[in-house]
Amino acid sequence: MLQGVLPTLWTEEESDIEGIQYKTLRTFHHGVRVDGIAWSPETKLDSLPPVIKFCTSAADMKIRLFTSDLQDKNEYKVLEGHSDFINDLVFHPKEGHEIASVSDDHTCRIWNLEGKQTAHFLLHSPGMSVCWHPEETFKLMVAEKNGMIRFYDLMAQQAILSLQSEQTPLMSAHWCLKNTFKVGAVAGNDWIIWDITRSSYPQETRPVHMDRAHLFRWSAISENLFATTGYPGKMASQFQIHHLGHSQPILTGSVAVGSGLSWHRTLPLCAVGGDHKLLFWVTEI
């Protein structure tokens, strides 16, 4: 079951309000464990009728596309084709008319909203992350578990550039939206940064999580700010926020269970999923 919620952040003046207030907009019954969620750029609540559109990856190795106007229109489609667990998925960043996904089945697949595959790339190891270029939307970045990151030209349907991590396994990679010459990843115990204008080899590498690093996400508002998580241990998963101008993490926390990592679109606010909770951290740029 998924619930659409409208959260309200609170200030010090509203300290008598405990936690986050929210209003349930609609409940979506999913039926299978949700492993990942991606929001379509078509989603908007400031229009009439409102549009809610998102897709999920699930434990049954299928993608589900949900569309709702929060009234009478409530639809979903099932996209089938992957033969192993789906590790990441993302919408086309402008029109939202396609979805890219990567899987343990050693493939990256591009789907239209009718569920038809429009492209299919064979990988050399499990696909861990996929990112679309925010402006040049014919470019797609795919990160593999063996440490290889490739950039594909979707019109030519071939690889045009690759980066290599000496550390493995590579578990997560992300394209910096504020400076698309930068790519970040976590592999083994380290975070890794590339500048693709300089070299296919990393510009900077630093140990970060002794329990192995799990997720990497750039801030949406700064090319120097990013967050990482470690693997959940017996008690908790470590969470860190880093700034490229500082030798040490600028913020460290821990999260029970620890799943998912996301930055606010316009604020230096980072969220991580915990044990039946969402936890938020705010930092200065």
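Is cysteine 270 buried or exposed? At 0% relative accessibility, cysteine 270 counts as buried, where buried means under 20% relative accessible area, exposed over 50%, and partly exposed in between (1.4 Å probe, protein chains only). The structure is a predicted model, in which local features need pLDDT of at least 70 and side-chain atom pairs count only at pLDDT 80 or more, while totals for chains, interfaces and linings use all residues. Residues are numbered from 1 along each chain as its sequence is written, and side-chain values use heavy atoms, with hydrogens and water left out.

The cysteines make a handy starting point. With a disulfide taken as a pair of cysteine sulfur atoms within 2.5 Å, the count comes to zero. Cysteine 131 is in no disulfide, its nearest cysteine sulfur being that of cysteine 176, 11 Å away. Cysteine 131 is also buried, at 8% relative accessibility. For cysteine 270, the closest cysteine sulfur again belongs to cysteine 176, and a bond is ruled out because the separation is 14 Å.

Next comes the nonpolar interior. A nonpolar core is here a set of buried Ala, Val, Leu, Ile, Met, Phe, Trp, Tyr and Cys residues joined through side-chain atoms within 4.5 Å. The largest such core holds 14 residues, of which Met141, Ile149, Phe151, Leu170, Ala173, Val183 and Trp194 touch the most other members. Two or more residues each come from β12 (139–144), β13 (148–153), β15 (170–175), β16 (182–187) and β17 (190–195); strands (E, at least two residues) and helices (H or I, at least four) are DSSP runs, numbered from the N terminus. Apart from this core lies another, of 13 residues, including Cys108, Ala119, Leu123 and Leu140. In soluble globular proteins, nonpolar side chains tend to be buried together.

Two members of the largest core show what surrounds them. Contact means heavy atoms within 4.5 Å. Leaving aside neighbours within four places in sequence, valine 183 is in contact with residues including Met141, Ile149, Phe151, Leu163, Trp194 and Trp218. Phenylalanine 151, in strand β13, counts as buried because its relative accessibility is 3%. With the same sequence neighbours set aside, its contacts include Leu140, Met141, Gln158, Leu163, Trp175, Val183 and Ile196. The C-alpha atoms of phenylalanine 151 and leucine 163 are 8.7 Å apart, with the two residues twelve places from each other along the chain.

An open sheet of four strands follows the order β19-β20-β21-β22, with antiparallel pairing; two strands pair if DSSP finds at least two bridges between them. The edge strands, each pairing on one side only, are β19 (213–218) and β22 (251–255). Five bridges join β19 to the antiparallel β20 (residues 225–230), and glycine 230 in β20 is the bridge partner of alanine 213. β21 and β22 likewise pair antiparallel over five bridges, with glutamine 240 opposite threonine 252 in β22. Side chains alternate along β22: Leu251, Gly253 and Val255 point to one face and are buried, whereas Thr252 and Ser254 point to the other and are not.

Histidine 242 belongs to strand β21 (residues 237–243) and is buried at 4% relative accessibility. Its side chain makes a polar contact of 3.4 Å with that of glutamine 240; such a contact is a pair of N or O atoms within 3.5 Å, where within protein one must be able to donate a hydrogen and the other to accept it, and residues adjacent in sequence count only if both atoms are side-chain atoms. Beyond its neighbours within four places in sequence, histidine 242 is in contact with Trp191, Val208, Asn224, Leu225, Phe226, Thr228, Pro249 and Ile250.
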